[in-house]
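User: Please take a close look at the pockets of this model, with their linings described carefully and the cut-offs stated.

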Amino acid sequence: TPEGTLIMPSVGEVKISDKTLTESKELIIKAIKKKYIANDVSVTLIQPRPIIVTVTGNVLNPALYTLSSIDRADKAIQVANRADQRQSVSDLNSILDRMSTRNIILKRRDGNSIRVDITKFLATKDDKYDPYLREGDIIIVPRKNPNKNVFGVYGEVNLPGRFEYVEGDSISDALDIAQGCTRLANLDSIEFSRLDPDAKTLKTTILSYTEILKGNSHNLPLEPGDRIVVKSRLELREDFRVYIDGEVKFPGTYPITKNRTRLTDLIKQAGSFTEYASLKMAEVYRRSVSAGDILLERLMSTRG
């Protein structure tokens, strides 16, 4: 019913408002077993009840929307940002550029408020950052300051860039939001930089993320303007290879080591020459040089 109760003929009324599906099933089965002697009772949800929520603030179309109780807060914001025939892509991009995705307020009908953090939900998949909607919810989307209220994560992370700052963010939160570190990341040499309030002095500290994860080192809280650089480990291994063609028994691509494999070693790998090979006509092609590099070299050589 609109009041959030379930009516079962010959059993009675069960209040399931604001209950999860599991909790609702338990209440329904309990009510049935009070009335009937039954061992096996099953409850199946055929269709989620539509609910009405309000989306306001910095969105393209603030309004009331009919959604489902299995939708999350981000779905309501997506619906509110769908452009109609009167609106252009530039209108939507203007909204998205200044729309906060981490300081969204979700107000429940009972008066409680929840902070929605879509960016952190996508990084951690923790339901508390993007809760399911309820009847009467009000979603308030504020503006963000893309220059002042941000921190930066760069280097060997999967999503480097600048991110919106939220009170309570830490080093580990920043790396989670940047989608974690790459395989080449040097976790014991992370560079953490912070400006003083006058933005004149930069203090840089080298941190060990490994020790932070173990709990042996302090997980520093962030401030707006902080920057984190995840340095790379030295990796000398590459796909060093050459291609041999012509009058050899097994032409093709062969692996080599950097500055150690000789031409004779390559010929042996290719099975040596065929009987038609002309060694005097053999050619070795080095990696080509671009026309721009040639012009730059010519200009630099004439500076005197």
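Analyst: What follows treats the two pockets in turn and then two individual residues.

This is a predicted model, in which local features need pLDDT of at least 70 and side-chain atom pairs count only at pLDDT 80 or more, while totals for chains, interfaces and linings use all residues. Residues are numbered from 1 along each chain as its sequence is written, and side-chain values use heavy atoms, with hydrogens and water left out.

The largest pocket has a volume of about 1,200 Å³. Here a pocket is an open set of points on a 1 Å grid over the protein atoms alone, where a 1.4 Å probe fits, with protein on both sides within 12 Å along at least five of seven lines, and lining residues have an atom within 4 Å of a point; grid points are joined across faces, edges and corners, and the volume is the space filled by probe spheres set on the points. Of the 32 residues in the lining of the largest pocket, Val242, Leu263, Leu266, Val284 and Tyr285 are the closest to its centre. Two elements, β13 (241-244) and α7 (263-269), give two or more residues to this lining, and β13 gives the most, with four. Helices (H or I, at least four residues) and strands (E, at least two) are DSSP runs, numbered from the N terminus. By class, the lining of the largest pocket has 16 nonpolar, five polar and eleven charged residues, where Ala, Val, Leu, Ile, Met, Phe, Trp, Tyr, Cys and Pro count as nonpolar, Asp, Glu, Lys and Arg as charged, and the others, Gly among them, as polar.

The second largest pocket holds about 1,000 Å³ of space. Its lining comprises 32 residues, of which Ile16, Lys19, Leu21, Ser24 and Ser69 are the closest to the centre. The elements that give two or more residues to this lining are β1 (5-8) and α1 (21-35), with the largest share, four residues, coming from α1. The lining of the second largest pocket divides into 14 nonpolar, nine polar and nine charged residues.

Turning to single residues, aspartate 173 is in helix α5 (residues 171-177), and its side chain makes a polar contact (a pair of N or O atoms within 3.5 Å, one able to donate a hydrogen and the other to accept it; residues adjacent in sequence count only if both atoms are side-chain atoms) with the side chain of lysine 120 at 3.2 Å. Glutamine 87 is found in the loop between α2 (73-80) and α3 (89-98); its side chain makes a polar contact with the side chain of asparagine 61 at 2.8 Å and reaches the backbone nitrogen of aspartate 84 at 3.0 Å.
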